[in-house]
There are 2 protein chains.
Amino acid sequence: MRKVTITDIANELGCSPSTVSRALRNKEKVSAETYAAVSKLAKKYGYRPNPNATGLVNNRTRLLGVVVQHLEHSYFVKVLEGILATCQAKDYQVITCISHGSYEKEKQLLSQLYNQCVDGILASHSHETKNFSHFQEIIDASIPMVFFDRFIEEIDTQCVISDDFDGAKEAVEYLISNGRRKIAHLMGPEHLSVSYYRYLGYREALKEAGLPHDQDLVYVMLDEHGKDIANKELFLQKILEIDAVITFNDSSAFEVYKLVRQMGRSIPEDVAVIGFSDDPIAQYLTPQLTTVRQPAFKIGQRAAEVLIHKIERNQEEEIFPSSLPQETASTIVLKNDLIIREST
Amino acid sequence: MRKVTITDIANELGCSPSTVSRALRNKEKVSAETYAAVSKLAKKYGYRPNPNATGLVNNRTRLLGVVVQHLEHSYFVKVLEGILATCQAKDYQVITCISHGSYEKEKQLLSQLYNQCVDGILASHSHETKNFSHFQEIIDASIPMVFFDRFIEEIDTQCVISDDFDGAKEAVEYLISNGRRKIAHLMGPEHLSVSYYRYLGYREALKEAGLPHDQDLVYVMLDEHGKDIANKELFLQKILEIDAVITFNDSSAFEVYKLVRQMGRSIPEDVAVIGFSDDPIAQYLTPQLTTVRQPAFKIGQRAAEVLIHKIERNQEEEIFPSSLPQETASTIVLKNDLIIREST
DNA sequence: GCAAGGAATGCAAACGTTTGCACAATCCAT
DNA sequence: ATGGATTGTGCAAACGTTTGCATTCCTTGC
C-alpha cells in the first residue's frame, strides 16, 4: 500500500534512482529509450514525487500560508477564494489561519507557518494589532510576504488593496448628482486606515462639488456592525435634516435603515443610503442597498500572484545571485465599483 | 539565515545528533545534564523540527485536506471555522480546497491532496457528484477520511451531519402549534439527501398532528437560491390558500417573501415563513426570518475530531498491529435549533 | 591505433530527522 | 574481583529526492 517511489521504478528498470530522477525532470541528458521507459512506468504506477523529500532537498514546500482575522464578512471569504484560484492554477497549496482579531493569536499563527516551512505568507493584520514586529521577523527570515486589504506603513513590502478613497468619492459624487446636498458619513473604527481613506474620499467629493464640509455630519462606529455609534443621539436628530448617508459597510447601513425609520423618514425618498463592500446582505435589505463593491476576489488573486512571483524570483536569485535588480516595495490599488440599487 | 537544526545543537554541545533528538523528544533515557543543556540551547535558538524531515521519516505531515464545494453560504464557512478550531488545538494544519461544485475538479483536488501526503481528508461532495469511486480510492490508499454535511450511502466511513429530519419536523410542529394548518414546503434540489430528509421531517410532523398530506403543497427548487421553482404558477396560486411555508434554505425564503407579497398577502399575518440554515441574511430580512439553525461550527469541529482520532488510532495500529478492535463506519448526527423571529 | 571528446549512467553525499543496535561506563550483588 | 544489569551515548541506516563528480562506453579525427 506504499506509494511508488523513484527507487521502485529504478529497480524495475534495472537502473539507478538518479537516472530515473533525471528522466522524470527531463533535465540532463538521458537516452531516448530510458526516457520513454521511465515515463511509461511512472505513468503506469501514477508516480508522484514525495513532497517531503523534494521539500527537504530543495528547501521549498509549495505551501503558502494565509492569515486573516475572520471569515464572517463575505469580503474575506471572497479574497480567500481569489487566493485559492491563483494557487490552484500555479500548483501551490494554501494553509488557512484565522486570527479571530487577536494580536497574540496572530503572532502564534505566523510562527506556526514559519515552522511549517511555508514558501510565503499572505496576511491581513487583525484589528487589535498595533505592533508589527512579528511580521517584520518573518520578512527578516526571508519568507516572502504580501499584505492584502490593509496597508501597513511600518513594513516595507508589497500590498494589494482597493481604492477606498476613490470608491467613497465616487459614491458621494453620485449622491450629489442626484441632487442630495446634506450628506452624512458613518465612519468606521477610527484607527483603521480603510476608515480614514473612505472618510477622505467623502470629504474630497464634497469639496470638489463646492459643498461645505460639516463635521457634525460625520459619526463614528464603535463596533464592526454599527450597532454602537458615538454621539448616537446627535446622529438621530441630524437624520431629520440630512438627505443622504454613506456608511462604512453594509451591516451598518442596515442599522442606519432602522434609525432613519425610527425618525419617521423613508428610504430613499427622504434619505438615500449607500453602503460599502457589497456584502450579500445588501440585496436582501428592503429597499435593496446601493453599495461600493470591492473587488475582493481580484484582490486575493493579485495578492497571490504577487507573492508567487516573489517566491519564484527568490528561487532564481539563489541560483544566479544578484542577477536581478532589487525589487521595491509597492502597493497595488484596485478600483471599486458603485452598485446602484433601490436605496438611492 | 538558515534555521537551526538538531545537528547545529549537537555540534555546539559536542554530542551526536541522535542524543539531541532523544533529549528533545524526551523519549529514551538521556542524562539530566544532557537534557538540560539541550533544552536550553533549543530554547535559545528557537529550534523547531523541520516538518519535511520528520514527515519523511515518520510518514506523516500533520496536514489535513478539506474539500468543500464552495464558501458562498455562510454554512460552509462556519463548518470550515469549526474544522480550523479543532485543528488549531490539536496542532494540525489545514489545506482548503474548493470544488466549485464540479465533479472533475473534486477528483483533481483529491488526487492533489493525496500527492501532498496529507494525513487525512475531510470532504463534502459536490452537487454534481454521482459517482464516488474517487473517494473510495482515497480510502483504499488508507488515507483516513470523514465526510460532513452530506451522507454517502455507497461509502463505508464516518460522517458528521445535522438532523435535518428532526429540524424540519420541529419547525412544522411549531407552525402547527401556532394554529397554522395549510403548510407548504419549498423543497431543495431533488437528488440531495438533505432535501429529502427535510421533506420527510415535514411530512412526519403533519402526520403526527393528524393533518392531511397534500402533494400540491410541495414545490421543488431548481436552483440553490429558489429563484427558479418547478410549477411556479401553481405555487403562486397556492399562496392564496396556504397559511405557512417552510423552505429549503434562507435565500429561497426571501424569494418566497417576494412571491407572497406579489399575491397581496402579508408575512407573518397571512402566511408564516420558516427558512433553513440561519444564514446571516435571515436577520436582515424584513420581517426577520424564523429559521432552523444548523450547528455548522460544531459539525466542523466534530468532523475534525473524528478524523484526527482516526489518524492517531491508525498510527498506534502501525506500532502495535491489530491491538485495537476494527472501527466501524458511523454517522454522527447533531441537533438543529429553531430560531424564532418575526416571520412566524 | 590512439587520444580526445561527448553521451549516458552510476555513485555518493546531502537535506534534517528518527531509531535499532552496539559500545562504554557505571552500578550492584555475589 | 567478577559477572551481569543498567544507563548514557554514538554510529549508521533509513525516509525519497536531487545533483556534482566519476566512470564507462562509444564516436570521431588524426
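Visitor: What makes Cys15(A), Ser18(A), Ile6(B), Ser18(B) and Ala53(B) stand out around DNA strand C?

Guide: A residue is near a strand if its C-beta atom, placed from the backbone, lies within 6 Å of it, and of the 28 residues around DNA strand C these five come nearest. This is a predicted model, in which local features need pLDDT of at least 70 and side-chain atom pairs count only at pLDDT 80 or more, while totals for chains, interfaces and linings use all residues. Residues are numbered from 1 along each chain as its sequence is written, with chains lettered from A and ligands numbered from 1 in the order in which they are written.

Visitor: Which elements give two or more residues to the surface near DNA strand C?

Guide: Helices (H or I, at least four residues) and strands (E, at least two) are DSSP runs, numbered from the N terminus. On that basis chain A gives helix 2 (17-25) and helix 4 (51-58), and chain B gives helix 1 (6-13), helix 2 (17-25) and helix 4 (51-58); helix 2 of chain B gives the most, with six residues.

Visitor: Which element supplies the largest share of the surface near DNA strand D?

Guide: Helix 2 of chain A does, with six residues, and among the 28 residues around DNA strand D, Ile6(A), Ser18(A), Ala53(A), Ser18(B) and Lys29(B) come nearest. If Ala, Val, Leu, Ile, Met, Phe, Trp, Tyr, Cys and Pro count as nonpolar, Asp, Glu, Lys and Arg as charged, and the others, Gly among them, as polar, the surface near DNA strand D divides into eleven nonpolar, twelve polar and five charged residues.

Visitor: Why is the relation between chain A and chain B that of a two-fold axis?

Guide: With copies superposed by least squares on the C-alpha atoms of residues with pLDDT of at least 70 in both, chain A can be laid on chain B with an RMSD of 0.1 Å by a turn of 180 degrees and a shift of 0.0 Å along the axis. That is the relation of a two-fold axis.

Visitor: Why can one say that the copies meet through the same surface?

Guide: Residues are in contact if their C-beta atoms, placed from the backbone, lie within 7 Å, and the contact takes 29 residues from chain A and 29 residues from chain B. Because 100% of the interface residues of chain A are also interface residues in chain B, the copies meet through the same surface.

Visitor: What describes the crossing of helix 4 of chain A and helix 4 of chain B?

Guide: Axes are lines fitted to C-alpha atoms, for helices over the stretch in contact, and angles run from 0 to 180 degrees between N-to-C directions; by this convention the two axes come within 8 Å and cross at roughly 140 degrees. A crossing is left-handed if the near helix is turned anticlockwise from the far one by less than a right angle, and right-handed if clockwise, and the crossing here is left-handed. The contact is made by Asn52, Ala53, Gly55 and Leu56 of each chain's helix 4, giving four nonpolar, four polar and no charged residues.

Visitor: What makes strand 7 (218-220) and strand 12 (337-339) of chain A edge strands?

Guide: Two strands pair if DSSP finds at least two bridges between them, and each of these strands pairs on one side only. The six strands form an open sheet of mixed pairing in the order 7-6-8-9-10-12 (chain A). Within chain A, strand 6 (residues 183-187) and strand 8 (residues 244-247) pair in the parallel sense over four bridges.

Notes:
Contact = placed C-beta atoms within 7 Å.
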